[in-house]
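Please look at the structure below and follow it through a few of its local features. The paragraphs after it take these features in turn.

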Amino acid sequence: MVSKYADKGYKAIFNHSQSAMVIIEPDERLTVLDVNEAYIKETWVTREQVQGTSLRVKSNNPALQDAEQDRDAICTKVDLAIQTQKPTYLNEFRYDLYHPATNSVKEVYWNFIFTPIVGNEGKVIYVIFAFENITEIYQLRIKERNFITQLEKERLRLKHILMQAPVGIAILNGPDNRFDLANPPFCNIFALNMEKILNKEMFEIIPLAKNLGYEEMLSRVKSTGIPYHGKAEAIPIFRNDKLENVYLDIVCEPLVVDGGLVDGVILVAFEVTKEVLAKQKLEEAEERARLAAMAVGLGTFDYNLITQEFQTSTLFAQIFGYSEKQELKTYLKGYHPQDRAQRLKAYEEALKTGNLFFEIRIQWPDRTWRWVRIEGKVYFDQNARPARILGTALDFTEERKSKIEQQKLMSLVTYSVDLMAIIGLGPGNFYINQAGASLLGGKDAKNILRKPLSQLYAPQDEALITNTIVPTVMDKGSWSGIIHVVHQETGELIPMMSNCARVEDPSTHEYLGIGVVMRDLRPENQAKQAIADSEALLRNITTAAPTGLWMCNAQGELIYFNQTWIDWTGVGLSQQIGHGWLSSLFDQDVETVVQKIKTACDTVRPFEVEFRIVHVDGTLHWIQGSGNPQYNSKGEFSGFIGAFVDTTDQKILQQQKDDFIGVASHELKTPVTSIKAYTQILEKLLVRKGDLKEAAMIAKMDAQINRLTVLIGDLLDVTKINSGKMQFNNQHFDFNELAREIVEDLQRTTERHTIELQLNFEGDVYADRDRIGQVITNLISNAIKYSPDADTIIVKSVNGDDELVFSVQDFGLGIEKSKKHRVFEQFYRASGHMQHTYPGLGLGLYIATEIIQREHGRIWVDSELGKGSTFSFALPLKK
Ligand code: ADP
């Protein structure tokens, strides 16, 4: 047997083989026939130690106890190879070796091949046991296996993370992009079933994405290794039973495996549809807001609170009076100084509440003032810091003006004493002011507004309202007339002067309702009634009065006569009006009356006039007329009111009296003249006889006769004056001489008074010397008579303007102011209860006046009660 393997050639091959080999006898004990060099090298034993040993016998080295357990397995494999005559194997088989040098056991892994060699007889002649030490490879493989396990775990973990990720993630593998993984968010986005898509081609699953360039994108990422980032990309996706346009943020990263090889991609998709739509909506809204702002004249601004940048629209600048956009500080310049604090306050407030609002006055560069309303919203950043204010500016000057106008109007309406209401279309559309509500008996307007309209006006006016008022207002725009309203508490029907007008929208002319202004007619009616009553009363009074009453206008045309006058003249009122009444006058007096009235109207002074009328009984009646100017409420002269008094009876009496005085004085004059003559003769006789005492008594009697003569003279003069028979013999005479003569005479009649002469007049006077002397005598006599306690009387003559002015001054009783002008009247005596102290008839000054007037002069008095009087007259100088 040895010869068989001992063949030189085989032996050399055997010994030089790189793998360790053992040749085993296929006998019962599996005897080791030989081992080669590689075996000796590998197992640190000598040939001698193993040659001839049984393979079945285990080593007794205690260190190898564990390893020797496996010897049975080796023997079993050898047995099997012998039995089957086919090679058997033991791979990655651990069989530890003893290392004698270090006295240690080494862990070694082997690959064993047991090859049976079959001899010519068809029997196994020996078994070649070849083995290879694979310890290093084996350990590497173990490491690799652990690594793969680890890797697998990692992969699972990653998968888990990817599955949990809140964004859509998919891993696509291979050139045809098959789904290796797709997490639920990804599936949700694309409405996919996770199980069904794995290992399927992406574009088969999401065909709609195919023609959008994503195929090229994926291959580009894979070929270049450069990731792809897409923002808000629109992809049509069929989900929720309809085709939707979905917006995705997409990231595509190359999936690098096996040291730089790109095998697939990670696709990250994040749906931003809501955000995109919201943004689109916001943009649209912003655009709409911008357009709307433009359309309604709103200027816009964007104030960056961090950079202090202030952006505005052109319209904003225009609202501030500029044609171009300006910087913030330029705008601020226009703010009214008083409104600046308000602006700052509004900003402070805005930072708290988020809303900006203030109204300010802006001065334009052309110095006009405008009202501007600023409104805005504060935007905060992620740290809740105010970042921007976006807002608008509106010029509401006109609005404000019209608001103020409206307020004024409203307060007019509210505080008006008239009822004002607006009756709009439909129920509840009714307004009434406070005055109206109270007039209708409501405590407040609400009270009235609750009532149905038909309860507020009189039922009898219903037809008028529906048939006339409403159609007229609709058709013509307005109606006025009387409507009766009902007092809601008393039920009183109140007549109201009403103006109804159609209220319409000023721009569209759309009908809005009916505006009503009503005035309570009761006070007016009461006043009218009162006037009518008092007119009737007056008419009765004036009719009853025995006096003709009349009124004329500023032109002197008669506009009213009372019944008395109509009765006197027997002419109807209509014929009297204007100048018609003059036909009732006595022809000769018409001119005088017309002149008087004309002058009175021109001068606007009270006047008196005397005339005669042809009475209804056919006789002439004397009328004494007087008129007083009247003025209207504006103070303008409106005419005269006057009275006509029938003085016929008085005239007759006067005439009778004049006649009597005339006759009486005439009859008295002759006997008194005789008496005076006899008295003078008697005085002379008694003086001659020496009866001086008696003579003195006769002298006194003469003085009394003188007074009587004067009185009779006065009476006769009056008679002459009244009958127009006083005669004047005018001549040139020395006035001062006349005055001196009279003073000399009169000085003799008084012991108490000294009459001082201040005769400074120069020139001649042309008049009746005796009559003027009569006036001088009268004035000086009065001065003596009415200053019993004074001792001086001053008589003066001076030159005035083309006239002589003569005066007599005394320091006596004086005359009351109210009586001054009356002393020149016939029979008037101012001394009252004292008149018996001062004898007289009250004729002297009357006659004096008559004389001076007939000589074309003037006579007057200055006097103060208790201090004295100065009577003066002036006579024109005839050249
Ligand atoms: P008689 O003296 O006769 O009363 P006159 O016509 O002369 O009438 O005067 C009228 C009135 O005027 C007088 O009664 C007197 O009251 C008043 N009177 C006239 N002269 C004076 C005077 N010098 N001082 C005061 N009163 C006078």
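Tyrosine 678 counts as exposed because its relative accessibility is 61%, and the cut-off for exposed is over 50%. The model in which this value was computed is a predicted one. Tyrosine 678 sits in helix H24, which covers residues 648-689. On the surface, Tyr678 joins Ile681, Leu682 and Leu685 in a nonpolar patch. Together these four residues have about 410 Å² of accessible area.

Helices can also be looked at in pairs. Two packed helices are described by the angle between their axes and by the distance between those axes. Take helix H25 (residues 692-722) and helix H28 (residues 844-854): their axes come within 10 Å and cross at roughly 45 degrees. H25 is therefore oblique to H28. The reason is that 45 degrees falls outside the ranges for roughly parallel (under 35 degrees), roughly perpendicular (65 to 115) and roughly antiparallel (over 145). The crossing of H25 and H28 is left-handed.

A second pair is helix H26 (residues 735-749) with helix H27 (residues 769-785). The axes of H26 and H27 come within 10 Å, and the crossing angle is roughly 40 degrees. That angle makes H26 oblique to H27. What is the hand of the crossing in which H26 passes H27? The crossing of H26 and H27 is right-handed.

Next come contacts between charged side chains. How many salt bridges does a search of the whole structure find? The search finds 44 of them. One salt bridge is between the side chains of aspartate 249 and lysine 231, at 3.1 Å from N to O. This pair links distant parts of the chain, since aspartate 249 belongs to strand E11 (residues 242-257) and lysine 231 to strand E10 (residues 228-239), 18 residues apart. Is aspartate 249 buried or exposed? Aspartate 249 has a relative accessible area of 18%, so it is buried, the limit for buried being under 20%. Lysine 231, in turn, is exposed, because its relative accessible area is 66%.

Another salt bridge joins the side chains of glutamate 359 and arginine 373, with a distance of 2.7 Å from N to O. Glutamate 359 is in strand E15 (residues 355-363) and arginine 373 is in strand E16 (residues 369-380), so this bridge ties together parts 14 residues apart in sequence. Arginine 373 counts as buried because its relative accessibility is 12%. Glutamate 359 has a relative accessible area of 25% and is therefore partly exposed.

Aspartate 658 and lysine 657 also form a salt bridge, and their closest N and O atoms are 4.0 Å apart. Aspartate 658 is buried, as its relative accessible area is 8%. Lysine 657 counts as partly exposed, at 27% relative accessibility. Salt bridges can also share partners: Asp34, Glu37 and Arg47 are joined into one network in this way.

The loops hold some further residues to look at. Lysine 867 is in the loop between strand E33 (858-864) and strand E34 (868-876). Lysine 867 counts as exposed because its relative accessibility is 57%. The C-alpha atom of lysine 867 is separated by 10.0 Å from that of alanine 790, although the two residues are 77 residues apart along the chain.

Where is phenylalanine 827 found? Phenylalanine 827 is in the loop between strand E32 (803-810) and H28. With a relative accessible area of 34%, phenylalanine 827 is partly exposed. The C-alpha atoms of phenylalanine 827 and leucine 841 are separated by 5.9 Å, and these residues are 14 residues apart along the chain.

The last topic is the backbone angle phi. Most residues other than glycine have a negative phi. Alanine 191, which is not a glycine, has a positive phi near 55 degrees. Alanine 191 lies in the loop between helix H8 (184-190) and helix H9 (194-197), and it counts as partly exposed at 46% relative accessibility. Histidine 509 likewise has a positive phi, near 60 degrees. The place of histidine 509 is the loop between strand E21 (493-504) and strand E22 (511-520). Histidine 509 is partly exposed, because its relative accessible area is 48%.

Key
Residues numbered from 1 in each chain as written. Predicted model: local features only at pLDDT ≥ 70, side-chain atom pairs only at ≥ 80, totals over all residues. Heavy atoms only, no water. Patch = residues over 30% accessible without salt bridge, like charges linked within 9 Å, V, L, I, M, F, W, Y side chains within 5 Å. Areas by Shrake-Rupley, 256 points an atom, 1.4 Å probe, with all protein chains shown as cover. Helix = DSSP H or I, 4+ residues; strand = E, 2+ residues; numbered from the N terminus. Buried < 20%, exposed > 50% of the residue type's maximum accessible area, 1.4 Å probe, protein only. Axes fitted to C-alpha atoms, helices over the stretch in contact; angles between N-to-C directions. Left-handed = near helix turned anticlockwise from the far one by under 90°.
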